[in-house]
Amino acid sequence: MWIGTAAHAEVPVFTLEIRDHLFYPSLLVIPAGTKVKLIVLNRDTTPEEFESYELNREKVIMGGAKATIFIGPLAPGDYPFFGEFNPKTAQGLIRAED
């Protein structure tokens, strides 16, 4: 009989909100070298697309809905993201720090 004792590593969870076509917070600091779970809540009534070329991620979030996006592990640095449907206002930065 095998009894498992391995602990499951917790994935840190961070939350972004979209309100009035802006991301809150616009700067999100996460630990470098760690996979993280990003919850994006769209408080607007219109859809938005979370997009980042540097993170190689894009995800449409309908108005009033939420999305889960896993990112990392990332090297220390800055990773910009923006809202594809409102690129002039919906901008942000994920900073991975040691």
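In β7 (66–71), the bridge partner of Lys37 is Phe70, and Ile39 stands opposite Thr68 in the β7 strand. The model is predicted; local features require pLDDT of at least 70, side-chain atom pairs count only at pLDDT 80 or more, and totals for chains, interfaces and linings use all residues. Residues are numbered from 1 along each chain as its sequence is written, and side-chain values use heavy atoms, with hydrogens and water left out.

Strands are DSSP runs (E, at least two residues), numbered from the N terminus; two strands pair if DSSP finds at least two bridges between them. The pairings of β4 (36–42) are as follows.

| Strands | Bridges | Direction |
|---|---|---|
| β1 and β4 | 6 bridges | parallel |
| β4 and β7 | 6 bridges | antiparallel |

In β4, Leu38 is the bridge partner of Phe14. An open sheet of 4 strands with mixed pairing follows the order β2-β1-β4-β7. β2 (22–24) and β7 stand at the edges, each with a single partner strand, so one side of each has no neighbour in the sheet. From one strand to the next, the twist averages 25 degrees.

β4 is mostly covered, 6 of its 7 residues being buried (under 20% relative accessible area, 1.4 Å probe, protein chains only). Leu38 is also among the residues with the most contacts inside the largest nonpolar core, which has 22 residues. Such a core is a set of buried Ala, Val, Leu, Ile, Met, Phe, Trp, Tyr and Cys residues joined through side-chain atoms within 4.5 Å. Elements giving two or more residues to this core include β1 (13–19), β4 and β7. Not counting residues up to four places away in sequence, Leu38 touches (heavy atoms within 4.5 Å) Phe14, Leu16, Leu28, Phe50, Ala67, Thr68, Ile69 and Ile94.

Note on methods:
Buried < 20%, exposed > 50% of the residue type's maximum accessible area, 1.4 Å probe, protein only. Axes fitted to C-alpha atoms, helices over the stretch in contact; angles between N-to-C directions.
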